[in-house]
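Colleague: Could you walk me through this model? I'd like to ask about a few of its parts.

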Amino acid sequence: MKVLPRQLFQNVIVVQYVGLVVVTLLTLFGFQATFGNVLTGANLEVLAMNMVFEGIMALGMTFVIITGGIDISVASVFAFAEILVAKLMVQAGLDMVTAIVITLVATAAIGALNGLLIVLFRVHPMIITMGTLLTLRGINLAITDGHSVSGFSDVFLFLGQGKILGVNVPIVFFGIAAIILGILLGHHRFFRQLYFIGGGERAARLSGVDVNRVKIIIYTLSATLAGCAGVMAAAKYGAAHWAHGNLAELKAIAAVAIGGANINGGSGTIGGTVLGVIFLAVVHNAFVTSAVNTFWYDVVSGMMLLIAVLLSRFISLRNARALLVLKQGKMDQLSETYKS
Amino acid sequence: MQSSRRGFVALAASSALASVVSTTARAADPKEHYGMVVFLKGSEFFNWAYAGFQDAAATVGATTELQGPADWDASAEARAVDQLVAKGVKGIAVTAGDADTLIASINAGLKAKVPVLCFDSDSPKSNRLLFVGTNNYNAGVAAGTAVAKLLGDKARIGISRIPGLDSINHRVAGFTDALKKLAPGAQIITEVNDEGDLQKAEPVNTAMLQAHPEINVIFCGHGNPATGALAATRNVGRDKEGPTKVYVVAWAIDVPILQGVEKGDYGMTVAQNPYMMGVQSFLELWSASHPTQFDSMTNPGFGHVPTADLDTGVKMLVKGDPAIKALMTPPKL
C-alpha cells in the first residue's frame with residue numbers, strides 16, 4: 001500500500017497534535033485531582049497570562065521558523081517596545097495612540113532591518129538577530145540608565161490589566177491574532193509561499209517566489225508582534241524595564257517546536273504553536289500548583305523540546321523515504337510501460 | 001497501532017510527572033501554606049532568606065514554597081506572585097527585582113486578602129504591608145565608615161554596580177555620605193556597570209583599574225561583582241599587600257567571599273542578614289494572616305503588623321571575625 005507524502009505528513013502531524021493535547025489535558029486534570037486549585041477561574045487566568053506575551057511572540061516566530069529562519073531578537077524588541085512606548089507617553093508627553101503607533105512602526109522597522117540584513121548579506125538569521133538582540137539590550141539599558149519607567153494613564157493600563165467580556169485584553173489579542181494568522185497561513189497565497197521557502201529556498205526562487213521580499217515581510221511581522229506584546233506588557237506590569245522578557249525568545253521558539261514545526265523549516269502551523277504555548281503554560285502552572293521547585297520546569301520544557309525536534313526530524317526523514325519509494329514506483333511503472 | 005503506542009507513551013510520561021510531583025507535595029501536606037518570591041532564585045543569599053522563612057514556618061507547623069526566576073526579570077516575579085495568589089497561599093514575602101513592576105501584583109494580592117510584604121528589595125509605591133530587610137542607606141554608611149577607617153583621606157574609590165536599582169542607589173548614597181563626613185579628602189573616582197554578572201565584572205573592573213590607576217578601593221554595590229573585582233586586581237598586579245594594593249569591599253556572604261576575607265584577599269565584606277529577613281518576614285506574614293479580636297487600624301482585615309520598615313542590619317566582616325565561621329555552612333534548597 002502506497003501512501004502519498006502529504007497524507008503521511010498530515011497523519012503524523014495529527015497524531016502529534018493529539019498527543020500534545022492528551023498530555024496537556026492529563027497534566028491539567030491529573031494535577032487538579034492531586035492538588036486541587038488548578039481548574040479555578042483565578043488559576044486559569046493566571047495560567048493563560050503567564051505565557052501570553054511569549055505566545056504572541058511565538059506566533060511571529062512560527063512564520064520565521066517555517067521559512068527555515070530564526071529570530072532570537074524578539075525578547076529585546078519586546079523590552080524595547082515597553083521602554084519606547086513608556087518614554088513616549090511619560091517623558092515626551094505624547095498621547096497613547098501616537099505613542100503606540102510610533103512604537104509599533106519602530107519595532108516593524110527593526111524587523112525589516114533584520115530581514116534586509118539577512119537577505120542582503122546571506123548571513124545566517126541566528127547571527128543577524130543575535131546582533132540585534134545584543135544591540136537592543138544595550139540600548140534598552142542605556143536609554144533607561146537601568147531604571148524602570150512608570151506612571152501610565154488608566155486607559156493605557158487597560159491594555160494589559162483590563163478585560164473584555166471577562167477575558168484579559170492580552171489573551172483576547174493573542175486569540176484574535178492566532179485565528180487571523182492561522183487562517184492566512186492556511187489559505188492565503190502569500191503565506192503558503194513560506195512552506196516553499198522552508199522546504200527548499202533554491203527551488204522556491206526557481207518557481208518564481210520572491211524569497212527576499214517574503215523574508216523581509218516575515219521578520220517585520222515577527223518584530224511587530226513582539227512590539228505589540230511589549231506594549232501590552234508595559235500596561236500589564238505598569239512599568240517598563242530593560243530586564244523584562246529575559247529569555248522569552250527561547251520560550252517562543254520552544255512553543256513553536258513543541259507545536260510540531262520543523263526547526264529546519266518547511267512545516268509548522270499556528271494551531272500547533274498555540275498548543276505548544278498552552279502546553280508550556282500548563283506545565284509551568286503545574287509546578288507552581290504542586291510547589292515543586294520550578295527549576296525542574298526548565299528540565300521538562302527542555303526535554304519536551306528535544307522530543308519535539310527529534311520527532312519532527314523523524315517525520316521529515318520518513319517523508320523523504322516515502323517520497324523516494326514513490327519516485328521509484330513511478331520509474332518502475334514507466335519502465336514497465338516502455339517494455340510493454 | 002502506532003498512535004495507540006504514542007498515546008501510551010504520553011500517558012506514561014504524564015503519570016510519571018504527576019507522581020514525582022505528588023510525592024513531593026504529599027510530604028508537604030499543607031496546613032497553612034506561605035510563599036516567598038525572589039529573583040536570582042538559587043543564589044546563596046536567597047537560600048539563606050528562604051531557610052529562615054522555612055524555619056520560622058516550622059515553628060507554627062506551616063509549610064512554604066519558593067518561587068521566582070533565576071535571573072533579574074521582575075516581570076517573572078510579578079507572574080509568580082499572581083500564581084501564588086491564585087493558589088490561595090496564606091501570605092507572600094517578595095523581594096522586588098524592580099520596585100515598579102511588582103506594584104500591580106502586590107496590590108492585587110492584597111485586594112484578594114492575601115498578606116504581601118517586601119523583604120530585601122522594596123516596592124515602596126505598592127500597598128505592601130511592610131518592608132523587612134537591610135536599610136540600604138545605613139548599610140552603605142557602615143561600609144563608608146569602614147573604608148574611611150581603613151584608608152582615611154587617601155581612599156580613591158571605584159564602584160562596581162548595576163545602574164538603576166533603588167537598593168544600590170541607596171547603598172551608594174550612604175557610602176558617599178559617610179565618606180564625606182569621616183574622610184572628606186577621599187574621592188569616588190568612577191563607577192562601572194557590571195550588569196549583575198560576575199563574569200562581566202572582571203573585564204569592566206580591569207578596564208576601570210587600567211584607566212584610573214589611582215583607585216585603591218573597589219566598592220561592590222551588590223553581591224555579584226566581588227570575585228570579578230578581585231580577579232581584576234590580580235590582572236593589574238595589585239592584589240598583594242603593599243602600597244599599591246587595591247582593597248575590594250565585597251557585599252556578599254557567599255562562601256568563596258568569606259573564605260577570601262579569611263585569607264585576606266578581600267579587604268572586608270558587608271554582611272547582611274538574609275536568614276533574619278526570612279524569619280521576620282514569615283513572622284510578620286503569620287501575624288498579618290491571623291487577625292485578632294481588634295482589627296488592624298492600618299490594614300483593616302489583616303492581623304497586626306508594624307508599618308515601619310524592619311531593619312535587619314549589617315555587619316562589616318574582616319579577617320578573623322568569628323561570624324565568618326558560622327556563615328560557612330549555607331543552607332541548600
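Colleague: How many bridges join strand β1 of chain B to strand β3 of chain B?

Modeller: Happy to start there, with strands taken as DSSP runs of E of at least two residues and helices as runs of H or I of at least four, numbered from the N terminus. This is a predicted model, in which local features need pLDDT of at least 70 and side-chain atom pairs count only at pLDDT 80 or more, while totals for chains, interfaces and linings use all residues. Residues are numbered from 1 along each chain as its sequence is written, and chains are lettered from A and ligands numbered from 1 in the order in which they are written. Strands β1 (residues 33-37) and β3 (residues 91-94) of chain B run parallel, and the bridges joining them number four.

Colleague: Which residue of β3(B) is the bridge partner of B:G35?

Modeller: Strands pair if DSSP finds at least two bridges between them. Within β3(B), the partner of B:G35 is B:I92.

Colleague: Which strands stand at the edges of that sheet in chain B?

Modeller: The sheet is open, has six strands with parallel pairing, and follows the order β2-β1-β3-β4-β5-β11 in chain B. A strand with a single partner has one side left without a neighbour in the sheet, so the edges belong to β2 (63-67) and β11 (310-311) of chain B.

Colleague: Why are the buried residues of α9(B) on the same side of the helix?

Modeller: In α9 (residues 255-263) of chain B, the buried residues (20 or more other C-beta atoms within 10 Å of their own, C-beta atoms being placed from the backbone) are B:I257, B:L258, B:G260 and B:V261. They sit on the same side of α9(B) because the arc they cover around the axis, taken from the directions from the helix axis to the C-beta atoms, is only 160°.

Colleague: How far apart do the C-alpha centres of domain 1 and domain 2 of chain B lie?

Modeller: Domain bounds here come from an automatic or database domain assignment, which gives domain 1 (30-133 + 274-311) and domain 2 (136-272) in chain B. Seven residues of domain 1 are in contact (C-beta atoms, placed from the backbone, within 7 Å) with seven of domain 2. The C-alpha centres of the two domains lie apart by 31 Å.

Colleague: Which element gives the most to the side of chain A that touches chain B?

Modeller: Across this interface, 44 residues of chain A are in contact with 39 residues of chain B. Elements giving two or more residues to the chain A side include α2 (41-66) and α13 (295-339) of chain A. The one that gives the most, with 10 residues, is α1(A).

Technical notes. Contact = placed C-beta atoms within 7 Å. Buried ≥ 20, exposed ≤ 12 C-beta atoms within 10 Å, placed from the backbone.
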